[in-house]
Amino acid sequence: MRCEVCGKETNKLYPVLIEGVEMMVCEECKKFGKLIEKKKKAAPIKKVKKIVPYSKDVFQNMDKDLVPGWGEKIKAARELKKWSREQLGSKVGEKTNTIAKIENEELRPPDDTVKKLEKALGIQLFQKIEDAVIKKKKARNLTLGDLLKKDV
Ligand SMILES: [Zn+2]
């Protein structure tokens, strides 16, 4: 490499601005101009952290959300079919006692049991994750933006 000012052979050149012209110069000649600050290494592109709504993140790692009042809903659907807790229990493979607890929401049934209950009773117990997220989001922090969106 050769200095563009004095022509000296050097293995290190500095980019400087001399009278408005960018030149590669040697150690000695750099005093004639203004050193152009150049980052030695291109800054690594920062990984843009995706802003995932908090609640969505949580729901992804959770069981599906049950509809509000699911216990009551199960009970109502069962009574509509005129089934005893025992009858419903035998249909979904749960003990009568378990059905009672589920109806009282003392026990959150596992997802596969919920599916069986949905099928046996012909009701929907899982709510869409999106719905749950939107509800939680609105409850969490209503911003002006959210309020505006609501009107759209
Ligand atoms: Zn030079």
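In strand 3, V16 finds its bridge partner in L35. On the strand 2 side, V16 stands opposite M23. This is a predicted model, so read what follows as a description of that prediction.

**The sheet**

Three strands make up an open sheet, ordered 2-1-3, with antiparallel pairing. Strand 2 and strand 3 (34-35) sit at the edges, each pairing on one side only. In general, strands of a sheet pair through backbone hydrogen bonds, in either a parallel or an antiparallel sense. Here is how the pairings line up:

| Pair | Sense | Bridges |
|---|---|---|
| Strand 1 (residues 14-18) and strand 2 (residues 21-25) | antiparallel | five bridges |
| Strand 1 and strand 3 | antiparallel | two bridges |

Strands 1 and 2 also form a hairpin, with two residues between them. In that turn, E19 has a positive phi of about 50 degrees.

**Helix 2 and what packs over it**

Now over to helix 2, which spans residues 70-80. Its buried residues are W70, G71, I74, K75 and R78. Why do they end up on the same side of helix 2? Because they cover an arc of only 140 degrees around the axis. The general helix rule is handy here: an α-helix has 3.6 residues a turn, so residues three or four places apart point the same way. Flip to the other side of helix 2 and you find E79 and L80, both exposed.

So what covers the buried residues of helix 2? The cover includes helix 3 (85-92), helix 4 (96-103) and helix 5 (111-121). Just past the end, helix 2 is followed by K82, which has a positive phi, near 60 degrees.

**The cores**

W70 and I74 turn up again in the largest nonpolar core, which has 11 residues. The rest of that set is L66, L88, V92, I99, I102, V114, L117, L121 and L125. Helix 2, helix 3, helix 4 and helix 5 are the elements that give two or more residues to this core. Helix 5 gives the most, with three residues.

Take I99 as one member of this core. Setting aside neighbours within four places in sequence, I99 is in contact with R85, L88, G89 and E94. Of these, L88 is listed in the core too.

Apart from this core lies another, of five residues. Among them are C3, V25, C26 and C29. V25 brings us back to the sheet, as strand 2 covers residues 21-25.

Conventions: Residues numbered from 1 in each chain as written. Predicted model: local features only at pLDDT ≥ 70, side-chain atom pairs only at ≥ 80, totals over all residues. Pairing = 2+ DSSP bridges. Helix = DSSP H or I, 4+ residues; strand = E, 2+ residues; numbered from the N terminus. Buried ≥ 20, exposed ≤ 12 C-beta atoms within 10 Å, placed from the backbone. Arc of directions from axis to C-beta. Contact = placed C-beta atoms within 7 Å. Core = buried A, V, L, I, M, F, W, Y, C linked by C-beta atoms within 7 Å.
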